[in-house]
Amino acid sequence: MPKIHRLPDRHADTEKVTINLGHVDLGRIDLLVREGFYSNRTDFIRSAIRAQLTTEARAVDQSVERHQFELGLFDITRADLEAVRTEGQVLHLRVVGLARIAGDVPVELATETIGSLSVLGSLQASKDIKAALADRIT
């Protein structure tokens, strides 16, 4: 079975997100940076996001449980998928965080053993695997 790891709150790997802000909001952020409350705009935005996620933590936890998502880092190795195939099973994966399909997983093995894949966060897999599973990824 794939291994699940809890991601620390500050993980080294990040995804780039682009946002548009109004001039006044941006100016207010710059003022806080200038006054030394934050080291830069990104520091402010990360802090604001973390604060909001803390505020909404209960709702997130309830949603994860209700929808049966796995939370954190979800590694899928070749050995995991070979074991699933041997058992005659098909995986239906639901991940909040990061799902990684190992680079040595053949396309055929992935298509035989992964029935569906829903990732809220990020999926790391080869282009070939992503293309082969495109109709199963939601």
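A salt bridge is a side-chain nitrogen of Lys or Arg sitting within 4 Å of a carboxyl oxygen of Asp or Glu. Keep that in mind for the close-ups here, which come from a predicted model. The structure holds six salt bridges, and three of the views show one each.

**View 1. Arginine 41 and aspartate 30 form a salt bridge.** Look for the closest N and O atoms of this pair, which are 2.7 Å apart. Arginine 41 belongs to helix α2 (residues 41-55) and aspartate 30 to helix α1, so the pair ties together parts that are 11 residues apart in sequence. How much of each partner is open to the outside? Arginine 41 has a relative accessible area of 41%, so we call it partly exposed. Aspartate 30 is partly exposed too, with a value of 30%.

**View 2. Arginine 28 and aspartate 25 meet in a salt bridge through their side chains.** Here the N to O distance is 3.9 Å. You'll find both residues in helix α1 (residues 23-34). They are three residues apart, and that's about one turn of the helix. Is arginine 28 buried or exposed? Its relative accessibility is 56%, and the cut-off for exposed is over 50%, so arginine 28 counts as exposed. Aspartate 25, at 39% relative accessibility, counts as partly exposed.

**View 3. Arginine 85 pairs up with glutamate 112 in a salt bridge.** The closest N and O atoms are 3.3 Å apart in this one. Arginine 85 sits in helix α4 (residues 78-86), while glutamate 112 sits in helix α5 (residues 107-113), so this pair ties together parts that are 27 residues apart in sequence. Arginine 85 is partly exposed, with a relative accessible area of 41%. For glutamate 112 the value is 41% as well, which makes glutamate 112 partly exposed.

**View 4. Serine 122 is tucked into the list of buried residues.** Now we leave the salt bridges and turn to a strand: serine 122 is part of strand β4 (residues 114-124). Why does serine 122 count as buried? Its relative accessible area is 13%, and buried means under 20%, so serine 122 makes the cut. Which residues does serine 122 touch, leaving aside those up to four places away in sequence? The answer is Glu15, Gly97, Leu98 and Ala99. Try finding these four around serine 122 in the structure above.

Technical notes: Residues numbered from 1 in each chain as written. Predicted model: local features only at pLDDT ≥ 70, side-chain atom pairs only at ≥ 80, totals over all residues. Heavy atoms only, no water. Helix = DSSP H or I, 4+ residues; strand = E, 2+ residues; numbered from the N terminus. Buried < 20%, exposed > 50% of the residue type's maximum accessible area, 1.4 Å probe, protein only. Contact = heavy atoms within 4.5 Å.
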